[in-house]
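Grab a pencil and work through these exercises with the model on your screen. Try each task yourself before you read its solution.

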Amino acid sequence: VASPLTVTVRLFGRYRDLSATSTLDVDVPSRATVADLVAALHALELDVPFPDRPVVAVNHQPAPDGQVLAADDEIALIPPVAGG
Amino acid sequence: MSSDLAGLRSEPIDAASLAASVGPDCGAVVTFEGRVRNVNEGRRVIRLHYDAYEGMADRVFADILRRAREEFPVTAIRVLHRTGTLAVGETAVAVAVAAGHREEAFAAARFVIEAVKADLPVWKREEYEDGSSRWLGGTGTTGERSAGEGDGAA
């Protein structure tokens, strides 16, 4: 049986305000992908309107759904950007 | 590349100093300055707050500089974006591009500000005269709109 992985997800902008926290710890299976993380995030049923497929940055790069997560990855949810 | 500069700043940005810093060997210097506007979509704005993902912003800024360098024969590129709380009239973003001639200076400056708005992981929350506030960009609780459509600064 694969041991689960707890990943810390950084939050910014409206996601951070609405979650009232700057990081979320999310349990996922080992060898979980970005899509698995998003599913686990939605399963938390937080009162935050995360899109169905939010942008997930892994180590500062937007990551595809199939990317496998590692314990030491830096993971963040990226709201629609609004600079300038 | 040593003359390029891109980054986030928590202190006020002086666009004139940014433009002056490019050196005397450039015939054309184009600067763009995005400032906090006092009204957006008919609502009176009193200040903006910018949140940013610093580590990712460093990577995105480096990527923007690299792409601009590949596309435009320019001498220097400088771009700074504010974080934190800004009053109306303060500079939110400044771009200065130096080149031998105006065509590439204008084109590169335009490229850089558009790339910043499209890609930089920065988020703005507008605070209004009536005490309310909202995060801009995309959809969700802030209304159905895209980043860059009629928002508060650049």
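## Exercise 1: The sheet of chain A

Strand E1 (residues 5-10) of chain A runs parallel to E5(A), and two bridges join them. Keep in mind that you are looking at a predicted model.

**Task.** Find the bridge partner of Val9(A) in E5(A), then work out which strands stand at the edges of the sheet.

**Solution.**

Step 1. Look across from Val9(A) into E5(A): the bridge partner there is Ile75(A).

Step 2. Now write down the strand order. The sheet of chain A is open, has five strands with mixed pairing, and reads E2-E1-E5-E3-E4.

Step 3. Read off the two ends of that order. Strand E2 (23-28) and E4 of chain A are the edge strands. Each has a single partner strand, so one side of each has no neighbour in the sheet.

## Exercise 2: Where the chains touch

**Task.** Describe the interface of chain A and chain B: how many residues are in contact, how much area is buried, and which parts of chain A take part?

**Solution.**

Step 1. Start with the contacts. On one side there are 21 residues of chain A, and they are in contact with 30 residues of chain B.

Step 2. Next comes the area. About 2000 Å² is buried between the two chains, and carbon and sulfur atoms give 58% of this. Within chain A, the residues that lose the most area to chain B are Arg14(A), Val81(A) and Gly84(A), which together make up 34% of what that side buries.

Step 3. Look for polar partners. The interface of chain A and chain B holds 15 residue pairs in polar contact.

Step 4. Assign the touching residues of chain A to their elements. Helix H1 (13-19), strand E4 (61-62) and strand E5 (75-78) of chain A each supply at least two of them. H1(A) gives the most, with five residues.

Step 5. Sort that side of chain A by class: there are 11 nonpolar, five polar and five charged residues.

## Exercise 3: Salt bridges between the chains

**Task.** How many salt bridges cross the interface of chain A and chain B? Find the partners, and decide for each whether the residue is buried or partly exposed.

**Solution.**

Step 1. Count the bridges. Two salt bridges cross this interface, while the count over all chains is 17.

Step 2. Take the pair Arg16(A) and Asp51(B), whose side chains meet at 2.7 Å, N to O. Arg16(A) belongs to helix H1 of chain A and Asp51(B) to strand E4 (residues 43-52) of chain B, so this pair joins two chains.

Step 3. Use the cut-off: a residue is buried under 20% relative accessible area. Asp51(B), at 7%, is therefore buried, whereas Arg16(A), at 28%, is partly exposed.

Step 4. Turn to Asp17(A) and Arg125(B), which form a salt bridge at 3.9 Å, N to O. Asp17(A) lies in helix H1 of chain A and Arg125(B) in strand E8 (residues 122-128) of chain B, so here too the pair joins two chains. Asp17(A) is partly exposed at 45%, and Arg125(B) is buried at 18%.

## Exercise 4: The surroundings of Asp51(B)

**Task.** Which residues is Asp51(B) in contact with, leaving aside its neighbours within four places in sequence?

**Solution.**

Step 1. List the contacts from chain A: Phe12(A), Gly13(A) and Arg16(A) are among them.

Step 2. Add those from chain B, which include Pro121(B), Val122(B), Trp123(B) and Trp135(B).

Step 3. Check the polar atoms. The side chain of Asp51(B) makes a polar contact with the side chain of Arg16(A) (2.7 Å). A polar atom of the Asp51(B) side chain also lies 2.7 Å from the backbone nitrogen of Gly13(A).

## Exercise 5: A salt bridge within chain B

**Task.** Where in chain B do Arg47(B) and Glu127(B) lie, and what does the pair tie together?

**Solution.**

Step 1. Confirm the salt bridge: the closest N and O atoms of Arg47(B) and Glu127(B) are 2.7 Å apart.

Step 2. Place both residues. Arg47(B) is in strand E4 of chain B and Glu127(B) in strand E8 of chain B, so the pair ties together parts 80 residues apart in sequence.

Step 3. Compare their exposure: Arg47(B) is partly exposed at 33%, and Glu127(B) is buried at 19%.

Step 4. Finish with a network. Salt bridges with shared partners link Asp63(B), Arg66(B), Arg67(B), Glu70(B) and Asp119(B).

Note on methods
Residues numbered from 1 in each chain as written. Chains lettered and ligands numbered in written order. Predicted model: local features only at pLDDT ≥ 70, side-chain atom pairs only at ≥ 80, totals over all residues. Heavy atoms only, no water. Contact = heavy atoms within 4.5 Å. Buried area = accessible area lost by both parts, 1.4 Å probe. Salt bridge = Lys/Arg side-chain N within 4 Å of Asp/Glu carboxyl O. Polar contact = N/O pair within 3.5 Å; in protein donor to acceptor, adjacent residues only side chain to side chain. Helix = DSSP H or I, 4+ residues; strand = E, 2+ residues; numbered from the N terminus. Nonpolar A, V, L, I, M, F, W, Y, C, P; charged D, E, K, R; others polar. Buried < 20%, exposed > 50% of the residue type's maximum accessible area, 1.4 Å probe, protein only. Pairing = 2+ DSSP bridges.
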